[in-house]
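Here is a short colleague's note for someone opening this model for the first time. Please keep the structure in view and follow the points in order.

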Amino acid sequence: VEMFGPPMAILLAADQGSRKLSASTLSNAYKHVIGIPDRLKDPNALFPAISTWSLERSGCPSWFETPGIEPARIGPCGSYYETVQNHAVYSEADVLLVMDVLFKEIGILGLFSDFPATVTTYANCVLTS
C-alpha cells in the first residue's frame with residue numbers, strides 16, 4: 001500500500017469546549033497500525049502516505065444556522081465536516097485551519113478538493129515558506 005486515503009472527517013477532531021482543531025485519535029491510530037511515517041519528523045519518507053478528500057465539497061443548506069455564531073451557509077458543512085462542524089469550523093476562513101491541521105499536524109501528502117485554488121494557494125504560500 002503506497003497511499004492511504006480516508007475521508008477528511010475521520011482525520012479531524014474538535015477539542016472539547018474550544019474552537020481548536022486537532023488530529024483525531026483515529027488518525028493517530030491509522031498512522032501507528034498501518035505504519036505511516038511521520039512526515040513532520042522524516043520529510044524524506046515516501047510510503048505509505050496519507051491523502052484525504054474532499055475539501056470544499058459540501059455546501060450548506062440555506063436553513064442550517066449555527067445558533068449564536070453566524071449562518072452556516074457561508075461556511076463548510078455537511079458530511080465532509082461532520083466531526084468538526086459547529087465545534088471548530090464555522091466559516092470559509094476555517095478551511096485554512098483545516099488544511100493547517102491536515103498538512104502540519106497529521107502530515108498528509110495529498111488533498112483532493114473540488115476547488116483546487118485554495119489548496120494550491122495554501123501549498124505555495126504556507127507549505128513552501
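1. A term first. Two strands count as paired if DSSP finds at least two bridges between them. With that in hand, look at β1 and β4: they pair in the parallel sense over 2 bridges. M3 has A49 of β4 as its bridge partner. Bear in mind throughout that this is a predicted model.

2. The overall layout. The protein chain holds 4 helices and 7 strands. Read from the N terminus, the order of elements is β-α-β-β-α-β-β-β-α-β-α. The chain has 129 residues, and 43% of them count as buried. About 7,200 Å² of the protein chain is exposed, and carbon and sulfur atoms supply 59% of that area. Among contacts with a separation of 6 or more, 56% join residues 24 or more positions apart.

3. The sheet. Three strands form an open sheet: 3 strands in the order β1-β4-β7, with parallel pairing. Strands β1 (3–4) and β7 stand at the edges with a single partner strand each, so one side of each has no neighbour in the sheet. Helix α3, residues 94–106, packs on this sheet and touches β4 and β7. The direction of α3 makes about 170 degrees with that of β4.

4. Strand β4. This strand spans residues 49–55. Of its 7 residues, 6 are buried, so β4 is largely enclosed by the rest of the structure. Its link to β7 consists of 3 bridges, and the two strands run parallel. Two of the facing positions are worth finding on screen. S51 stands opposite G110 in β7. L55 has S113 in β7 as its bridge partner.

5. A serine in β4. Is S51 buried or exposed? S51 counts as buried, because its relative accessibility of 17% falls under the 20% cut-off. A polar atom of the S51 side chain lies 3.2 Å from the backbone oxygen of G110. So S51 and G110 deserve a joint look: G110 is also the residue that S51 stands opposite. Beyond four places in sequence, S51 is in contact with M3, F4, G5, P6, G110 and L111.

6. An unusual peptide bond. The bond from W53 to S54 is cis, with omega near -5 degrees. Most peptide bonds are trans. S54 is placed in strand β4. I would check this spot by eye.

7. A serine in β7. S113 belongs to strand β7, residues 110–113. Which backbone oxygens does the side chain of S113 approach? One is the backbone oxygen of L55, at 3.0 Å. Another is the backbone oxygen of F115, which lies 3.2 Å from a polar atom of the S113 side chain. S113 is buried, with a relative accessible area of 10%. Neighbours within four places in sequence aside, S113 is in contact with S54, L55, E56 and V119. L55 therefore appears twice here: as a contact of S113 and as its bridge partner, at the join of β4 and β7.

8. Helix α3. How far does α3 reach from its first C-alpha to its last? The helix has 13 residues and reaches 17 Å, close to the 18 Å expected at 1.5 Å a residue. Its buried residues are D94, V95, V98, M99, V101, L102, F103 and I106. An α-helix has 3.6 residues a turn, so residues three or four places apart point the same way. Just after the helix, G107 takes a positive phi of about 85 degrees. Most residues other than glycine have a negative phi.

9. The loop before α3. E92 sits in the loop between β6 (70–71) and α3. E92 is partly exposed, with a relative accessible area of 41%. P76 is 16 residues from E92 in sequence, and their C-alpha atoms are 6.1 Å apart in space.

Technical notes
Residues numbered from 1 in each chain as written. Predicted model: local features only at pLDDT ≥ 70, side-chain atom pairs only at ≥ 80, totals over all residues. Heavy atoms only, no water. Buried < 20%, exposed > 50% of the residue type's maximum accessible area, 1.4 Å probe, protein only. Polar contact = N/O pair within 3.5 Å; in protein donor to acceptor, adjacent residues only side chain to side chain. Contact = heavy atoms within 4.5 Å. Areas by Shrake-Rupley, 256 points an atom, 1.4 Å probe, with all protein chains shown as cover. Axes fitted to C-alpha atoms, helices over the stretch in contact; angles between N-to-C directions. Expected span 1.5 Å × (residues − 1).
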